[in-house]
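User: I am new to this structure and would like a close look at one part of it, starting from a single loop residue and working outwards. Please take it slowly and connect each step to the next.

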Amino acid sequence: MQNKPPKQIPSASPTQIPLWRQLQGAASLLMAVRDGQSMTAALLDVDSTLRPGVQALGFHVLRWLGRAEALRQQLAKRPPPPEADALLCVALALAWNEKDAPYSPFVLVDQAVEAAKRSEATTHQASFINGCLRRFLRERDALVSKTDANPQAVWNHPQWWIDRVRKDHPGQWQTILRANNAKAPLILRINLNKTAVAQYIRALAAIDIEASRVGEQGVILATATSVPSLPGYAEGHFSVQDAAAQLAAPLLLDALPVGGQLNILDACAAPGGKTAHLLELGNNAVTALDIDARRCERIGQNLERLGLQARIVVGDAAYPGPWWDGQLFDGILLDAPCTASGVVRRHPDVRWLRRPTDIAQLSRIQAQLLQTLWQLLKPGGAMVYCTCSVFRAEGDHQIQTFLAHHTDARLMPSPGHLLPQITAPGAVIPDNLMREHDGFYYALLQKNQEHSA
Ligand SMILES: C[S@@+](CC[C@H](N)C(=O)[O-])C[C@H]1O[C@@H](n2cnc3c(N)ncnc32)[C@H](O)[C@@H]1O
């Protein structure tokens, strides 16, 4: 009888990067995240030939880090030095669940030991890593079931995060955490000025890409693919945007009068996903403001591809003096800086980077932005406040406090907390409903005509 071949055989051919090098890269990425750097920033330090492989492994590792750390504790009560610990955790995160492992666990263990031997920082730990991982292969089921008593291993989030989601959403906390560990699909927002949703889905079908509609303007691809190679990219037929984020622009514009050109502020605009949507849906004067000059450049690049124009301004929304011309706005979109706790499936590092104190700190900034920008809104105007967070302190608690202090503000019918949603494969859902989206919070606020605050 023939042996079962490994799922993927690492190759040392010059055109392919050996797996042990990618494991070293993934371990460096994990060390950077443990040091507080985002995965996106850390990936910039990775050699460009290694980057795609390291990124794919990094995503997997950060999704299953809670389980990997618990297994490491079972295998070695005292952690080895940081470099060896990172490599060990990378191997465990990739190998612990054979069904989901990108390579056969035996190949992973073999290559992790090779990675340890070939680096000065870990070579003295190579036999320790070998011993731990061989024991893991022998006793996998018993070790995994021992870690089942540890919530961080089961849910793959820090304990404080689990507690917080459970407190904020007692009925849905498990669904939220499970969704955070799933892979996020690629979702496009179709530019209706250039094509139509059904037409674009047909263009994808013509090149054998399976896709379906999600919400009013969204198209969800069955498998991820390179975005610039999709039809109509250069011509601006679509933007990449999650289905929940696609609600912002229509929510604001539907609350404003139709007819003349409106003066709209997108207060935290970079990289311009929602700015572009506001411009696609109406011929309005949009100011796209962001505090980060480099991110503002990306607004310009994105709008250029789509053939759209806004007044792009680098400035602090909390201090309008230097950038505001004194003209009140008809509408304001405040997509406030937040913990990003709703987009964990797209940014699996976020849960390991945040600290519990970040929630209160960010919610203070959000309150200040709300308070300041409210003064810049015309009586009768509308503001959309949103965050890509599931924490109530950044959502409905924030807005309840705001309403208690602003008697000239009314909360209009709004989506409120949208919890991250994934639909089981094969589930039948009407085409215009959302089957997939990130976690988000939306409040639509109307300012009274008569100022009575
Ligand atoms: C959630 S992101 C915005 C995403 C954007 N609305 C989109 O749809 O593409 C939040 C943005 O707020 C910006 N920001 C943070 N604090 C700010 C401030 N005080 N004034 C203006 N922008 C700020 C950040 O630089 C970041 O680009």
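Analyst:
**P80 and its surroundings**

Setting aside the residues within four places of it in sequence, P80 is in contact with R72, D85, L88, Q125 and F128. These contacts, like everything that follows, are read from a predicted model. P80 itself belongs to the loop that joins α4 to α5, and with a relative accessible area of 11% it falls under the 20% cut-off, so P80 counts as buried. As for its distance from another proline, P102 comes 22 residues away along the chain, and the C-alpha atoms of P80 and P102 are 25 Å apart.

One of the contacts of P80 is R72, and R72 leads directly into α4, where it is one of the buried residues. Helix α4 covers residues 65-75, and eight of its 11 residues are buried, so the helix is largely enclosed by the rest of the structure. The residues in question are L65, G66, R67, A68, A70, L71, R72 and L75. What encloses them can be named helix by helix: the buried residues of α4 pack against α1 (19-34), α3 (51-63), α5 (82-95), α7 (126-147), α8 (151-155) and α15 (350-353).

From the packing of α4 it is a short step to the nonpolar cores. As a general background, nonpolar side chains in soluble globular proteins tend to be buried together. Here the largest nonpolar core has 52 residues, and those that touch the most other members are L23, L30, V90, L92, L133 and F136. At least two residues of this core are supplied by each of α1, α2 (39-44), α3, α4, α5, α6 (105-117), α7 and α15. Helix α5, which follows the loop of P80, gives the largest share of the core, 11 residues. To see how one of the well-connected members sits, take L23: apart from neighbours within four places in sequence, L23 is in contact with L57, L87, V90, L94, L108, Q111, A112 and A115. A separate core of 48 residues lies apart from this one, and its members include I176, A288, V350 and C388.

Two loops that border helices already named deserve a careful look at their backbone. Helix α8, one of the partners of α4, is followed by a loop that leads to α9 (159-168), and N156 lies in that loop. At 1% relative accessibility N156 counts as buried, and it has a positive phi of about 55° although it is not a glycine. Helix α15, another partner of α4, is preceded by a loop that starts after β8 (329-335), and A340 is placed there. A340 likewise has a positive phi, of about 65°, without being a glycine, and A340 is buried at a relative accessible area of 12%. For background, most residues other than glycine have a negative phi, and most peptide bonds are trans. The second part of that background bears on the bond from A270 to P271, which is cis, with omega near 5°. P271 is in the loop between β5 (263-266) and α13 (273-281).

A270 also brings the ligand into the picture, since a polar backbone atom of A270 is 3.2 Å from an oxygen atom of the ligand. Another ligand oxygen contact involves D290, where an N or O atom of the side chain lies at 2.7 Å, while a nitrogen atom of the ligand is 2.9 Å from a polar backbone atom of A317. On its own the ligand exposes 610 Å², of which the protein buries 84%. There are 18 residues around the ligand, and D290, R295, D316, A317 and D335 come nearest. Sorted by class, this shell consists of nine nonpolar, three polar and six charged residues.

Two further helix residues, one buried and one exposed, round off the view. Q398 has its place in helix α17 (residues 396-405) and, at 6% relative accessibility, counts as buried. Beyond the residues up to four places away in sequence, Q398 touches S363, Q366, A367, L370, Y385, R392 and A393. R202, in helix α11 (residues 197-206), has a relative accessible area of 56% and is therefore exposed, the cut-off being over 50%. The C-alpha atoms of R202 and S212, which are 10 residues apart along the chain, are separated by 9.9 Å.

Definitions and conventions. Residues numbered from 1 in each chain as written. Predicted model: local features only at pLDDT ≥ 70, side-chain atom pairs only at ≥ 80, totals over all residues. Heavy atoms only, no water. Buried < 20%, exposed > 50% of the residue type's maximum accessible area, 1.4 Å probe, protein only. Helix = DSSP H or I, 4+ residues; strand = E, 2+ residues; numbered from the N terminus. Contact = heavy atoms within 4.5 Å. Near = heavy atom within 4 Å. Polar contact = N/O pair within 3.5 Å; in protein donor to acceptor, adjacent residues only side chain to side chain. Areas by Shrake-Rupley, 256 points an atom, 1.4 Å probe, with all protein chains shown as cover. Nonpolar A, V, L, I, M, F, W, Y, C, P; charged D, E, K, R; others polar. Core = buried A, V, L, I, M, F, W, Y, C linked by side-chain atoms within 4.5 Å.
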